[in-house]
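Please read the report below alongside the sequence and the model. It takes up a metal site and then a strand with its pairing partners.

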Amino acid sequence: MTMLTVDVGLDTPHEYATGISVAEIIKNVHGRKSGAVAALVDGNQVDLSFEVVSDCSVHPIIGSTEEGLYILRHSCAHLLAQAVLEFFPDAKPTIGPPIEHGFYYDFQMPAPSEEDLRAIEKRMKELVKQNLKVEREEYDIETLREMFADNQFKIEIMNEKIGDGNGSSVYRQGDFVDLCRGPHVPSTAHLRWFKLTNVSTAFWRADSSRETLVRIYGMCYASKEDLQARETLLREAAKRDHRKLGKDLKLFHIDEMVGQGLILWTPRGTVVRNELQHFISEHLNRQGYQQVYTPHIGKLDLYRTSGHFPYYQESQYPPIVERDTLRRLSDEGCSCGELSNLMSDGEIDGYMLKPMNCPHHIRIYASQQRSYRDLPLRLAEFGTVYRWEQSGEISGMTRVRGFTQDDAHLFVTEDQIEQEVLGCIELVKVIFGTLGMDDYRVRVGLRDSDSEKYVGDPASWDKAEDACRNAVKSLGVEFSEEPGEAAFYGPKIDFVVKDVLGREWQLGTVQVDYNLPERFELTYTGSDGEKHRPVMIHRAPFGSMERFCGVLIEHFGGMFPTWLSPTQVHILTISEKHIEYANKIAGKLRQEGIRVELDSSDDTIGKKLRTHRAMRPAYLLILGDDESTTETVSYLGPDREQVNGVDIQTFVESLQNEIINRV
Ligand SMILES: [Zn+2]
Ligand SMILES: [Zn+2]
């Protein structure tokens, strides 16, 4: 018998008889409960049934690792297809890859109902119990073409990927066989912790001119705990969904009659937005920003100079043409197509809803002769911009067609970049800190050294990249450098924040720009008396007020801290007798600038509590006999613990303290 030397990751290699399976080797080295779902042989992924016939290294792929999960999820996709075919024998499986958290499989089939989905899932569980062997078989392409003759999708894949004269592997479990390179788990019993989640549609090859397919999604993990953790997270996330809470808490409204992706801020939502804007403004003022207002439209020529028009037209609302021009052109019999060409060429002018605030701010800069003493000039605006998002892309407050950026443009000398970028990051740190979003990271987008697409000279780039890097380092926030992620006109910094559920949200950016000052020929007079070109920094660290508020609604689950709460105190009377006292308390609180809602209706206190709790105010005041006779208040605070008999002055002071300090 020939013996093999196998490196199993221990100090000394092991000796095995040739033909031994990697499953046996792993069992020998790591025990029966190794958690292996496949193996690496000389670094290549193989099934556990793989037989070793020469000296090599063998390492297990454990189910809970990234590679292991990939295999579990991919194997789950096969299991799904097997179950689907039992219920829908005419369904044509196409592709079924693993994805983050799970897998999907695309089928040509009628859309399954929710009931079908549950039945398919149940069947998958039964197939797991049967512990079917998952076996690899190898065939030449002619045989494969016969095996999959009734599935044109698999044939298409084969013709493209395998080609004549070659072969491929298939994986078989029970009656089901799928074209696949593998590796897979050795048997269906390895696939216990999965769940089908939803169904959507997709196009074959993601090509809208090709067949429409049904995509069934599932999630899959290596352990019960991990699956349950994910389910809990999804349940929590659904409860916090800002689209649902925004409606329940009357924070914003989206109205078909107004238009998709256009947010109507209702009074309660407006309070939240205003408080945030005040908060941000306070810090902008401290940092020497100056606020400006600019209109929502600008001439096409402005955007021709900035480069936003006619490029990027697909992501903008179409231009607005002056009435006189339109009349003249229609008298001349000009068609719509010609009109649009004339606009692109610059032969006729018009206006555009602004897609960016920068050109307007640039014209404010250029409205005066600037000297080095004026720099840095920091112009800030909560500026509303409009972008055309495809209707399929629009979602709640996070993907919209009109939004207000916490925008600012800094006009600086090259030497000032670092200090100013630092200021931007400081601001973000303070604001995230106050909102309890302490878990965030920063991405520094640098240029790709192999690419020629960048404007500005390399020495300036080096300087600007160093400035960004140093600014991030000196604040001690977690960051990563991402070569190739810079814009063509300068390096940038992105903020990615984690909410209480650990979900990541990309908010805004700080962007260095060498391009626009050039395009608009901006200058300042240096200490040498010569004209110099300033550098611009665009910064909107929270992205937009819409997106930021949407994220905050989910982060707080609708239970805003007192200072942000749309209504800070809800006063509930126990009976009619207490209305007078309640009015007095409400008046006093309002006098102190506290946002109060008073419910003196005939409803029972139980019903009132339920109704008002649902609106999630910071405080629920309950006023009855004891309170009115002793001139005190009893309340449920932000933690919803009941506190009784608090002197009204003491209550007001502690409330003011919370609000002023934004705790
Ligand atoms: Zn496969
Ligand atoms: Zn800008």
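## Zinc site

Along the chain, the donors of the zinc ion (ligand 2) follow the spacing C-x50-H-x128-H, where donors are N, O and S atoms within 2.8 Å of the metal (3.2 Å for Na, K and Ca), and water is not among the atoms, so sites may look incomplete. C358 lies in helix α12 (residues 358-366) and H538 in strand β29 (residues 535-540), so this pair ties together parts that are 180 residues apart in sequence. The protein donor atoms are SG of C358, NE2 of H409 and ND1 of H538, at 2.0 to 2.4 Å from the ion.

C358 and H538 are both buried, that is, under 20% relative accessible area, with exposed meaning over 50% and partly exposed in between (1.4 Å probe, protein chains only).

## Basis of the model

This is a predicted model, in which local features need pLDDT of at least 70 and side-chain atom pairs count only at pLDDT 80 or more, while totals for chains, interfaces and linings use all residues. Residues are numbered from 1 along each chain as its sequence is written, chains are lettered from A and ligands numbered from 1 in the order in which they are written, and side-chain values use heavy atoms, with hydrogens and water left out.

## Strand β10 and its partners

Six of the seven residues of strand β10 (residues 102-108) are buried, so the strand is largely enclosed by the rest of the structure; helices (H or I, at least four residues) and strands (E, at least two) are DSSP runs, numbered from the N terminus.

Strand β15 (residues 212-221) runs antiparallel to β10 and is joined to it by six bridges, with Y105 partnered by I216 in β15; two strands pair if DSSP finds at least two bridges between them. Strand β9 (residues 98-99) pairs with β10 in the antiparallel sense over two bridges, and the two form a hairpin with two residues between them, where H101 in the turn has a positive phi of about 75°.
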